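Grab a pencil and work through the exercises below. Try each task yourself before you read its solution.

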Amino acid sequence: MWVATMLLGSREVVDLTDYLGLHFWKAREFHLYQFVTYMFMHDSSSFSNGFMHIFFNMFALYMFGALLEKVMGMKRFILFYVVCGIGAGVVQELVWHLTDGNITEDFVRLVDEYGQTIRTMPRQEYLNMLVTVGASGAVFGILLGFAMLFPNIPLYIMFIPVPVKAKWAVLGYALIELFFGVSGVMGNVAHFAHLGGMLFGFILLYYWKKKGQFNNFYVNS
């Protein structure tokens, strides 16, 4: 899908992001199916950005998801992945609703960091610009699931000279995402969607535990 998006977009055939990326629910281009399809899209604005985006997502999915799939089984793992991805989209929609979605003016004025007007555009055109793509929300749910199932497995993280237990590494990652989301740092990244994937992953795993479907599901590694 990433390659198709780049090729079709560069040839001005069709912008798949307009159809398959997750738009704000008040936007004209929003459709319910986008809660699923956006997970299979990735940044296609440039080759380097898109490649790094999909590479790290798929690397994390392979490294952590492979072990989770062995524990959960294929069908339950797929369900977990999709729930985390949809949950990430729901949280992102909520964040948009609480911020940009409350605009009531017919025209929106875009400004730069100095408060100078860059351009104005109709409200509906602006709302259509609120779109997110990528598997990151689902992958963050996978990370959360790994930390819950294998909390004490040591992870070796770049630039940290000592191994860190999975539970602390993932908690630290979540706190960083929360800081970025609140502060607005790296504003082109859906930080709250990442946290949404983790939240829905936690809820689903907790539900399974309460149902007693996996009495030895949680492993104290």
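**Exercise 1.** Over the ring of which residue does the charged end of R76 sit, and how far is it from the ring's centre?

*Solution.* Keep in mind that you're looking at a predicted model. Start at R76 and follow its side chain to the charged end, which sits over the ring of W208. The distance to the centre of that ring is 4.7 Å.

**Exercise 2.** Count the aromatic pairs, then classify the one formed by W2 and F51.

*Solution.* Step one is the count: pairing rings whose centres lie within 6.5 Å gives 13 aromatic pairs. Step two is the geometry of W2 and F51, with 6.4 Å centre to centre and 45° between the planes. Stacked needs planes under 30 degrees apart and edge-to-face needs over 60, so an angle between those limits counts as tilted. That makes W2 and F51 a tilted pair.

Step three is to place the partners. W2 belongs to helix α1 (residues 2–10) and F51 to helix α4, so this pair ties together parts that are 49 residues apart in sequence. Last, check the cover: W2 has 10% relative accessibility and counts as buried, whereas F51, at 37%, is partly exposed.

**Exercise 3.** Now take F202 and Y206: are their rings stacked or edge-to-face?

*Solution.* First get the numbers: the ring centres are 6.0 Å apart and the planes meet at 20°. Stacked means under 30 degrees, so the F202 and Y206 pair is stacked. Next, look at where they sit: both are in helix α9 (residues 191–211), and because they are 4 residues apart, about one helical turn separates them. Both come out partly exposed, F202 with a relative accessible area of 40% and Y206 with 41%.

**Exercise 4.** Which residues form one aromatic cluster, and which form a nonpolar patch on the surface?

*Solution.* Begin with the rings: W2, F51, F55, F56 and F59 make up one aromatic cluster. Then turn to the surface, where F47, F51, M52, F55, F56, F59, Y62 and M63 form a nonpolar patch. Together these patch residues have about 890 Å² of accessible area. Compare the two lists and you'll find F56 in the cluster and in the patch. F56 is part of helix α4 (residues 47–72), and its 48% relative accessibility makes it partly exposed. Patch members need over 30% relative accessible area, a cut-off that W2, at 10%, doesn't reach.

**Exercise 5.** How many salt bridges does a search of the whole structure find, and which residues are involved?

*Solution.* The search turns up 1 salt bridge. Its partners are R28 and E29, with the closest N and O atoms 3.8 Å apart. That fits the requirement of lying within 4 Å. R28 is exposed at 53% relative accessibility, while E29 is partly exposed at 26%.

**Exercise 6.** Is H194 buried or exposed, and what does H194 touch?

*Solution.* Find H194 in helix α9. Its relative accessible area is 8%, and because buried means under 20%, H194 is buried. Leaving out residues up to four places away in sequence, H194 touches S136, G137, F140, E177 and V189.

Now follow one of those contacts: V189 lies in the loop between α8 (166–183) and α9, and is partly exposed at 27%. To finish, take V189 and E177, which are 12 residues apart along the chain, with 9.7 Å between their C-alpha atoms.

Terms used: Residues are numbered from 1 along each chain as its sequence is written. This is a predicted model: local features need pLDDT of at least 70, side-chain atom pairs count only at pLDDT 80 or more; totals for chains, interfaces and linings use all residues. Side-chain values use heavy atoms; hydrogens and water are left out. Patches are made of residues with over 30% relative accessible area and no salt bridge: like charges are joined within 9 Å, nonpolar side chains (Val, Leu, Ile, Met, Phe, Trp, Tyr) within 5 Å. Accessible areas come from the Shrake-Rupley method with a 1.4 Å probe; for residues, only the protein chains shown count as cover. A salt bridge is a side-chain nitrogen of Lys or Arg within 4 Å of a carboxyl oxygen of Asp or Glu. Helices (H or I, at least four residues) and strands (E, at least two) are DSSP runs, numbered from the N terminus. Buried means under 20% relative accessible area, exposed over 50%, partly exposed in between (1.4 Å probe, protein chains only). A charge sits over a ring if NZ of Lys or CZ of Arg is within 6 Å of the ring centre and within 35 degrees of the ring normal. Contact means heavy atoms within 4.5 Å.
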